[in-house]
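Work through the exercises below with the sequence and the model open. Each task is followed by a solution in steps.

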Amino acid sequence: MNTYGGEVIFADSIRTKIINSPFPVYVFIDNNAASAGALISIACDKIYMRKGANIGAATVVNQTGEQMPDKYQSYMRSMIRSTAESQGKDTIINGNDTTYKWKRDPKIAEAMVDDRVAIPGIIDSGKVLTFTTEEAIKYGFCDGVAKTLDELVQKEIGNANYEIISYEPTLMDKLMGFLTGTMLRGILIMVIIGGIYFELQTPGIGFPSIAAIGAALLYFAPLYLDGLAANWEILIFVVGIILIALEVFVIPGFGVAGISGIILVFTGLVLSLLGNDDFNFDSVPSENINKAVITVLSSLIASALLIIYLSSKIGTKGLLKKNCVKH
């Protein structure tokens, strides 16, 4: 483990698999287990840390480092408490007295999220808790020190044969990464808009519509699989295209249908890039919204300029052909 954190949804998925694992799971913190990394580490049966490593600072923040609203903090507080509780309690017998002590104190875990939690001798109110290796050992959030992963294995397993399996991105992972790249998205939007425009100008040709449909599939499919593009967001894009077509072929002039169609197409393309929950954008960082709007808007402007340029070229060639036939 060496991370400054990540998205809570993925961290929760990982920690759930670890808690429900039928075999022991140990983690070796190689320098950093911050934020989501702390949550995952606390879920493990044993925690080993390198000297000089750190664990904690699990406050939920956006990509700019700003704290998210309290409802997100509340859920994270509960999640990290329950994760610490999942490790159970130690039974301490002292004469006739029997006491139970948490192996990993849920209150300490909560202090890693909430700066309002104060624990005498450990953390004051107004500070988010982060442990060094020695502090983590002292308060039960580290089971030992190791220099390397091999040293941890030797301590826990002995001289048994073992295999280290590293994750390697598959061809599909690389393809998905390529298809969700900002530059390719811009190009796909240009192909969608250009294909629709030229098909409307010369209905029946087929190739522009095939190009537009293919580009739309490449644009929306990866976003849909990633959970960003919802069905209704794709639907409003399709409705927008239909309204634009109605404006061109059925309704004379350029009015409500055309403007509404353009707005819906733009909205569908933008919302498909965001991890919003319907029209709730609390969990979407403002920079993500700005990036999505700029990506789509710049692509639409580039599409318009390219259409104007190609139309002028096609128009000039058509005029030259007519003049040659007359002569």
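## Exercise 1: Two residues with positive phi

Task: Classify Ala 57 as buried, partly exposed or exposed, then describe its backbone and place.

Solution. The model is a predicted one. Step 1: the relative accessibility of Ala 57 is 33%, and buried means under 20% while exposed means over 50%, so Ala 57 counts as partly exposed. Step 2: phi of Ala 57 is positive, about 50°, although the residue is not a glycine. Step 3: Ala 57 belongs to the loop between strand 4 (54-56) and helix 3.

Task: Give the phi value, the place and the burial class of Ser 35.

Solution. Step 1: Ser 35, a residue other than glycine, has a positive phi near 55°. Step 2: the loop between strand 2 (32-34) and helix 2 holds Ser 35. Step 3: with 14% relative accessibility, Ser 35 counts as buried.

## Exercise 2: A helix pair

Task: Determine how helix 1 and helix 2 are oriented to each other, and list the residues that make the contact.

Solution. Step 1: helix 1 covers residues 8-19 and helix 2 residues 36-43; their axes come within 8 Å and cross at roughly 10°. Step 2: angles under 35 degrees count as roughly parallel, so helix 1 and helix 2 are roughly parallel to each other. Step 3: helix 1 contributes Ala 11, Asp 12, Ile 14, Arg 15, Ile 18 and Ile 19 to the contact, and helix 2 contributes Ala 36, Leu 39, Ile 40 and Ala 43.

## Exercise 3: Salt bridges

Task: How many salt bridges does the structure hold? Trace the network that contains Arg 116.

Solution. Step 1: there are ten salt bridges in the structure. Step 2: one of them pairs Arg 116 with Asp 70, with the closest N and O atoms 3.4 Å apart. Step 3: Arg 116 sits in the loop between helix 4 (106-111) and strand 7 (130-132), and Asp 70 in helix 3 (residues 70-85), so this pair ties together parts that are 46 residues apart in sequence. Step 4: Arg 116 counts as exposed at 51% relative accessibility, and Asp 70 as partly exposed at 42%.

Step 5: Arg 77 forms a salt bridge with Asp 114, again named by its closest N and O atoms, 3.4 Å apart. Step 6: Arg 77 is in helix 3 and Asp 114 in the loop between helix 4 and strand 7, 37 residues apart. Step 7: Arg 77 is buried at 10% relative accessible area, and Asp 114 is buried at 8%. Step 8: salt bridges with shared partners join Asp 70, Arg 77, Asp 114 and Arg 116 into one network.

Task: Locate both partners of the salt bridge between Asp 143 and Arg 104, and state how accessible each residue is.

Solution. Step 1: the N to O distance in this salt bridge is 3.4 Å. Step 2: Asp 143 lies in the loop between helix 5 (133-138) and strand 8 (144-145), while Arg 104 lies in the loop between strand 6 (97-102) and helix 4, 39 residues apart. Step 3: Asp 143 is partly exposed, with 42% relative accessible area, whereas Arg 104 is buried, with 3%.

## Exercise 4: A nonpolar surface patch

Task: Which residues make the nonpolar surface patch of about 760 Å²? Place and classify Leu 235.

Solution. Step 1: the patch is made by Leu 235, Val 238, Val 239, Ile 242, Leu 246, Val 248, Phe 249, Val 250 and Ile 251. Step 2: Leu 235 is part of helix 10 (residues 231-249). Step 3: Leu 235 counts as exposed, at 52% relative accessibility.

Notes. Residues numbered from 1 in each chain as written. Predicted model: local features only at pLDDT ≥ 70, side-chain atom pairs only at ≥ 80, totals over all residues. Heavy atoms only, no water. Patch = residues over 30% accessible without salt bridge, like charges linked within 9 Å, V, L, I, M, F, W, Y side chains within 5 Å. Areas by Shrake-Rupley, 256 points an atom, 1.4 Å probe, with all protein chains shown as cover. Salt bridge = Lys/Arg side-chain N within 4 Å of Asp/Glu carboxyl O. Helix = DSSP H or I, 4+ residues; strand = E, 2+ residues; numbered from the N terminus. Buried < 20%, exposed > 50% of the residue type's maximum accessible area, 1.4 Å probe, protein only. Axes fitted to C-alpha atoms, helices over the stretch in contact; angles between N-to-C directions. Parallel < 35°, antiparallel > 145°, perpendicular 65-115°, else oblique. Contact = heavy atoms within 4.5 Å.
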